[in-house]
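Here are a few short exercises to help you find your way around a new structure. Take a look at it first, then try each task before reading its solution.

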Amino acid sequence: MAKYDAVIVGSGPNGLAAAITLQQQGLSTLLVEGSDTIGGGLRTKELTLSGYKHDVCSAIHPMAMASPFMRSLPLEEYGLSFTFARYEAAHPLLRETGAVLSRNLEETIQQLGDDGKLYRSLIQDVVDRWEILAEDTMGPLRFPKDPILLASFGWKAVLPASWVASRFKTERAKALWAGMAAHGIQPLSNWTTSAIGMVLMAVGHRFGWAIPVGGSQEHS
Ligand SMILES: Cc1cc2nc3c(=O)[nH]c(=O)nc-3n(C[C@H](O)[C@H](O)[C@H](O)COP(=O)(O)OP(=O)(O)OC[C@H]3O[C@@H](n4cnc5c(N)ncnc54)[C@H](O)[C@@H]3O)c2cc1C
């Protein structure tokens with residue numbers, strides 16, 4: 001029977017990342033997948049018409065350019081290319097023009113009117129200093145490279161998103177913020193729900209929200 005240094009259960013993005021990391025260290029690795037195709041949340045399938053592909057789960061990849069690990073992979077050499085929409089995200093409203101998350105931070109701030117200042121105070125540091133923050137928040141546990149930056153991010157990120165929403169005055173800002181924080185898939189009154197909102201918005205401004213041409217599984 002074959003022996004492996006490591007066995008990874010599940011071939012979603014996290015399983016694939018773990019397998020690549022272990023193999024890069026020279027360890028023999030077995031990746032086990034229970035479903036009929038690999039990819040987990042990255043699967044693309046012909047769900048309706050033949051030749052018409054749907055991303056079954058994940059379709060837009062805000063962390064593709066923002067994650068130090070993802071950036072380290074030569075995925076273009078395997079045929080991956082990204083495209084970007086005019087706006088990263090939009091939140092429609094019933095009685096007024098909706099809110100958009102634009103790659104351009106100043107454009108986003110401007111449309112938020114009275115709430116632009118609060119939005120900037122939440123996001124500007126995360127946008128400007130993403131590389132350091134990414135290493136301190138997404139890497140192995142160790143003493144942070146920039147403890148002050150991490151603390152300044154941390155005290156805002158730990159807040160319930162509903163509390164932050166209550167500080168915004170305009171419907172636009174509340175809607176845009178809530179839509180982002182809702183990606184955490186938990187009640188917005190929970191502690192730390194602001195973290196996902198801040199990160200998704202900041203990486204949208206910094207890198208854009210990448211859309212893989214042909215679908216998430218196009219080149220697997
Ligand atoms: C509806 C929806 C839409 C989303 N859209 C986006 C998006 O647009 N952009 C984005 O960045 N993120 C999106 N996400 C989040 C993203 O899909 C997940 O964060 C990501 O897939 C998590 O990766 P993972 O490897 O941890 O788990 P998964 O992708 O869920 O992979 C787990 C894998 O493990 C396998 N498995 C589980 N148990 C076993 C077992 N016992 N034996 C063998 N195999 C097993 C499963 O079959 C699966 O293939 C979305 C999530 C949902 C639910």
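The exercises below go from the whole chain to single residues, and the model they use is a predicted one.

**Exercise 1. Getting an overview**

Describe the protein chain: how many helices and strands are there in it?

Solution. Start with the elements: the protein chain holds nine helices and eight strands. Next, look at its extent: the C-alpha trace spans about 65 × 50 × 30 Å along its principal axes. Then turn to burial: of the 220 residues in the protein chain, 24% are buried. Finally, consider contacts between residues at least 6 apart in sequence: 59% of them join residues at least 24 apart.

**Exercise 2. Exploring the core**

Find the residues with the most contacts inside the largest nonpolar core, and work out which helix gives the largest share of this core.

Solution. The largest nonpolar core has 28 residues, and Trp177, Met198, Met201 and Ala202 have the most contacts inside it. Now see where the core comes from: at least two residues each are supplied by β7 (99-101), α3 (105-111), α4 (116-128), α5 (130-138), α6 (147-157), α7 (161-167), α8 (171-181) and α9 (193-207). The largest share, seven residues, belongs to α9. As a last step, follow Met201: apart from its neighbours within four places in sequence, Met201 is in contact with Leu101, Ile123 and Met180. As background, nonpolar side chains tend to be buried together in soluble globular proteins.

**Exercise 3. Two helices that meet**

Decide whether α8 and α9 are roughly parallel or roughly perpendicular to each other.

Solution. First take the geometry: α8 and α9 pack with their axes 7 Å apart, at an angle of about 105 degrees. Angles of 65 to 115 degrees count as roughly perpendicular, so α8 and α9 are roughly perpendicular to each other. Then list the partners: in α8, Trp177, Met180 and Ala181 meet Thr193, Ser194, Ile196, Gly197, Leu200 and Met201 of α9. By class, the residues of this contact are six nonpolar, three polar and no charged.

**Exercise 4. The loop between the two helices**

Ile185 and Thr192 have positive phi values; for Ile185, say whether it is buried or exposed.

Solution. Ile185 lies in the loop between α8 and α9, and its phi is near 50 degrees. Ile185 has 7 other C-beta atoms within 10 Å, so it is exposed. Thr192 is in the loop between α8 and α9 too, with a phi near 75 degrees. Because Thr192 has 14 other C-beta atoms within 10 Å, it is partly exposed. Both are residues other than glycine.

**Exercise 5. One residue in a strand**

Which residues does Ala99 touch, not counting those up to four places away in sequence?

Solution. Begin with its place: Ala99 is found in strand β7. Ala99 counts as buried because it has 25 C-beta neighbours inside 10 Å. Its contacts are His91, Gln111, Arg172, Ala173, Ala175 and Leu176. Glu171 is 72 residues from Ala99 along the chain, and their C-alpha atoms are separated by 8.8 Å.

**Exercise 6. Around the ligand**

Which helix gives the most residues to the shell around the ligand?

Solution. The ligand is surrounded by 20 residues, the closest being Gly10, Gly12, Gly34, Gly40 and Gly41. Helix α1 (residues 13-24) gives the most to this shell, with three residues. Sorted by class, the shell has eight nonpolar, 11 polar and one charged residues.

Terms used
Residues numbered from 1 in each chain as written. Predicted model: local features only at pLDDT ≥ 70, side-chain atom pairs only at ≥ 80, totals over all residues. Core = buried A, V, L, I, M, F, W, Y, C linked by C-beta atoms within 7 Å. Buried ≥ 20, exposed ≤ 12 C-beta atoms within 10 Å, placed from the backbone. Helix = DSSP H or I, 4+ residues; strand = E, 2+ residues; numbered from the N terminus. Contact = placed C-beta atoms within 7 Å. Near = placed C-beta within 6 Å. Nonpolar A, V, L, I, M, F, W, Y, C, P; charged D, E, K, R; others polar. Axes fitted to C-alpha atoms, helices over the stretch in contact; angles between N-to-C directions. Parallel < 35°, antiparallel > 145°, perpendicular 65-115°, else oblique.
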